Amino acid sequence: METNRNIIVKKYNIANDTETAGIVSLFNRNGSYQVSHKFNITRADWLLTYKAKEITDFYLVIVNNKVIGCSGFFRYMVRGEASNNCLFSGYLLIDGKERTGQAVRELYQKMWKGVETLPGKVLITEINPQNRASLHLSKLNGYLETADSWEDIYNYHSLFSYMPTLLRSFYTDNSNKFDLSNSTIVDQNINENIITTKIKVDNYYITLKLLVGTFNPFYINIDDDILLFIEHEDGKAYLNYKLENVNCKKINVVSGFIVASRNLERKKTGRIKISSNKAITTKVKIKGNENNFYLLLNRNESNHSAFEMSDIVSNMTETSNKYKGLNICINKDTGDLIYVDDRGNKVFIDKFGEIFTSKNKNFKIKTKHNEILITMQSRKIVIVKKISISNKIKVTYFIKRGATGILKMGLKILRQDYKIFDPIASKYKRFQPKKFPMESDDFLYSRFFKVCERRYFIESINKELIVKSNKKTSNQLGYRPLILDKVIKDNVVSYEYCLKDYPRIKRKVEKVNILNNSNFIISNIFLGKSSSTTCVYKIFENKDVCKSNGEQILLNENSKEYVCHMSKVKQNYWSFNADLQYFTRPKLILKDGTHILLTKNLSKIETCDKVFILDSFRKSLIKIFAPNCWISSFYEKNKIRLRIVGKDNTKIKISI
């Protein structure tokens with residue numbers, strides 16, 4: 001525990017009821033992170049959230065015995081489980097009247113002091129790019145956009161901090177250990193997937209370089225006196241060193257199980273051949289009086305990500321089983337069942353179940369007629385999932401070996417073109433993030449879990465999806481529905497679901513009187529590749545794009561139509577991106593007749609094939625046609641950000 005000017009920063013103890021009550025009160029009086037101001041969280045909500053989000057470290061700021069701030073690290077968010085080397089960072093909140101530099105500074109000092117024991121080397125956070133205060137604070141803690149960064153359905157951008165990796169990559173002997181809590185980022189930039197960071201630790205100025213997606217630097221420069229870096233040459237790897245004004249006598253290098261030693265009595269510049277050119281961490285020890293440094297260096301040239309978006313299906317294999325016209329595929333890396341239509345579109349996923357396990361997790365899959373057995377095995381957990389296929393899909397989980405934690409199970413419907421049955425209103429309502437259903441990525445609401453039948457209407461296949469379980473379910477965390485249960489040996493969980501033909505839901509179309517064809521501008525047009533057919537996508541995936549060079553397209557009485565042929569982009573999946581300007585109180589009109597007023601606090605709205613946008617003030621209409629494509633719209637800074645994703649050769653038409 002740390003005390004300074006009546007500010008106490010400490011780790012949260014989940015068994016302490018007073019601290020739990022303080023956290024709940026903090027969130028409720030600030031109205032932050034909740035799905036709605038109408039839904040204050042309860043003690044039960046917080047404890048369920050703590051377990052389901054798999055929070056590893058949570059810190060409190062206390063003044064006069066009152067919790068006035070917090071922040072923490074966790075393993076799970078809607079995007080999926082963090083990998084073994086990553087942790088999510090979030091829940092940063094300080095009471096409005098207490099938001100001084102001192103409270104935030106002391107909170108982060110305490111958190112950074114624990115960086116050596118954190119179970120992750122890379123931190124991930126999501127930030128609204130319009131929130132300048134959060135962006136500034138994140139940069140101070142080493143967060144930046146990398147090739148792994150994504151933009152989500154709420155327009156939040158993911159940022160990555162490699163500071164734990166950098167700070168844990170070097171240390172001195174026990175008599176001169178760095179005080180990591182006092183580290184300051186002097187400068188940081190990213191260029192061609194190389195992150196260069198200059199930090200000040202104690203009285204040292206240290207520059208480090210590492211490749212995005214790796215977990216040790218390949219370059220370190222300390223006070224311009226000690227320079228070591230790994231480089232590749234003719235298929236071999238070398239450690240280069242340059243030592244000036246350093247009373248250093250010896251360098252020991254360990255690569256794999258091979259030790260190389262170089263005495264430095266005279267020569268202070270040179271290179272040492274590294275025994276392995278593979279992704280094996282090189283340990284370097286510089287010996288000599290006060291210069292006893294221990295370094296972890298690595299340069300792995302392979303292209304991999306620190307965190308992969310969960311809706312990208314890479315290792316998917318098709319089974320011989322089908323259900324109601326859909327092909328059943330299995331992702332061998334995650335154990336998920338993916339239901340795919342005849343056009344190759346993924347309709348929904350039956351998740352194997354999400355819980356953090358060690359990196360040696362593996363899946364064994366056995367398929368036979370009308371039955372699939374999937375076994376997930378790790379060091380501490382063994383789970384068998386049995387899927388029986390008939391008129392219904394029956395799923396049973398058998399926990400063969402358990403550990404502490406909660407397994408998150410259920411289905412996820414891909415894209416937004418579906419409706420959820422509201423038992424209170426006794427009718428179907430369109431899924432609309434932030435509006436319906438009431439769900440949050442930050443909190444779970446225990447009051448919404450009930451044992452009941454859940455129904456969904458998926459427009460793309462014109463079928464009703466019905467789900468039942470022997471456990472309580474809820475439409476939260478993007479699951480439809482979410483099922484939670486403890487991973488305890490001999491525990492059994494079951495649910496079933498079926499698809500039924502359902503008459504297309506008719507909606508009374510609201511008549512719109514168009515008064516005139518006003519002027520509209522299409523600007524910031526760029527075409528690029530896409531790794532995802534949804535509106536959640538990698539931010540840097542459009543690095544190599546065909547840009548419009550600032551060209552603006554004016555739609556008016558003399559030029560009523562703009563057409564773009566997507567054969568220009570030579571990719572399996574492409575994206576068309578543009579801004580639509582000159583709208584007042586814009587409304588989306590979807591193909592089923594739904595009207596959605598676009599506001600700055602709304603999430604991205606996604607539909608397929610076509611969408612109309614109405615200027616409610618001028619009674620003017622712009623029409624967007626993109627057959628067999630997905631269209632997302634987001635209102636920001638008085639303009640509509642348009643993104644269309646499709647495949648093959650398609651003609652996009654925007655007209656008035």
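Cys 498 has a relative accessibility of 8% and therefore counts as buried, where buried stands for under 20% relative accessible area, exposed for over 50% and partly exposed for what lies in between, calculated with a 1.4 Å probe on protein chains only. Cys 329, at 5% relative accessibility, also counts as buried. A disulfide is a covalent bond between the sulfur atoms of two cysteines. With a disulfide taken as a pair of cysteine sulfur atoms within 2.5 Å, the count here comes to zero.

The model is predicted, and local features are considered at pLDDT of at least 70 and side-chain atom pairs at pLDDT 80 or more, whereas totals for chains, interfaces and linings use all residues. Residues are numbered from 1 along each chain as its sequence is written, and side-chain values rest on heavy atoms, with hydrogens and water left out. On the scale of pLDDT, the predictor's confidence in each residue from 0 to 100, the protein chain has a mean of 85, and 88% of its residues reach 70 or more. Among the elements of the chain, the lowest mean pLDDT, 46, belongs to strand 1 (residues 2-4), and the highest, 98, to strand 37 (residues 473-474).

The protein chain contains five helices and 51 strands; these elements are DSSP runs numbered from the N terminus, helices being H or I over at least four residues and strands E over at least two. Of the 656 residues in the chain, 54% count as buried. If contact is understood as heavy atoms within 4.5 Å, residues 24 or more positions apart account for 62% of the chain's contacts with a separation of 6 or more.

Near the N terminus of the numbering, the helices offer a place to begin. Helix 1 (residues 17-30) packs against helix 2 (residues 43-52) at an angle of about 100 degrees, and their axes are 10 Å apart. The axes are lines fitted to C-alpha atoms, for helices over the stretch in contact, with angles running from 0 to 180 degrees between N-to-C directions. Helix 1 and helix 2 are therefore roughly perpendicular to each other, on a scale where angles under 35 degrees count as roughly parallel, over 145 as roughly antiparallel, 65 to 115 as roughly perpendicular and the rest as oblique. On the side of helix 1 the contact involves Asp 17, Thr 20, Ile 23, Val 24 and Phe 27, and on the side of helix 2 it involves Arg 43, Trp 46 and Leu 47. These residues divide into five nonpolar, one polar and two charged, given that Ala, Val, Leu, Ile, Met, Phe, Trp, Tyr, Cys and Pro count as nonpolar, Asp, Glu, Lys and Arg as charged, and the others, Gly among them, as polar.

Helix 2 is largely enclosed by the rest of the structure, because seven of its ten residues are buried. The buried residues of helix 2 are Asp 45, Trp 46, Leu 47, Leu 48, Thr 49, Tyr 50 and Ala 52, and their cover includes helix 1, strand 3 (55-63), strand 5 (76-77), strand 7 (86-94), strand 32 (406-413) and strand 38 (482-486). Just after helix 2 comes Glu 54, in the loop that leads to strand 3. The phi of Glu 54 is near 55 degrees, a positive value in a residue other than glycine, and at 12% relative accessibility Glu 54 counts as buried.

Positive phi returns in the loop between strand 37 and strand 38, where Leu 477 lies. Although Leu 477 is not a glycine, its phi is about 55 degrees, and its relative accessibility of 1% makes it count as buried. The loop between strand 37 and strand 38 is also the place of Pro 481, and the peptide bond from Arg 480 to Pro 481 is cis, with omega near -5 degrees. Another cis peptide bond, with omega of about 0 degrees, joins Phe 436 and Pro 437; Pro 437 is in the loop between strand 34 (427-430) and strand 35 (454-458).

Two further residues show contacts beyond their sequence neighbours. Asn 182, in the loop between strand 12 (170-172) and strand 13 (184-191), is partly exposed with a relative accessible area of 39%. Leaving aside neighbours within four places in sequence, Asn 182 is in contact with Gln 109 and Lys 200, and its C-alpha atom is separated by 8.3 Å from that of Trp 112, 70 residues apart along the chain. Lys 273 lies in strand 21 (residues 269-273) and, not counting residues up to four places away in sequence, touches Lys 236, Ala 237 and Tyr 238.
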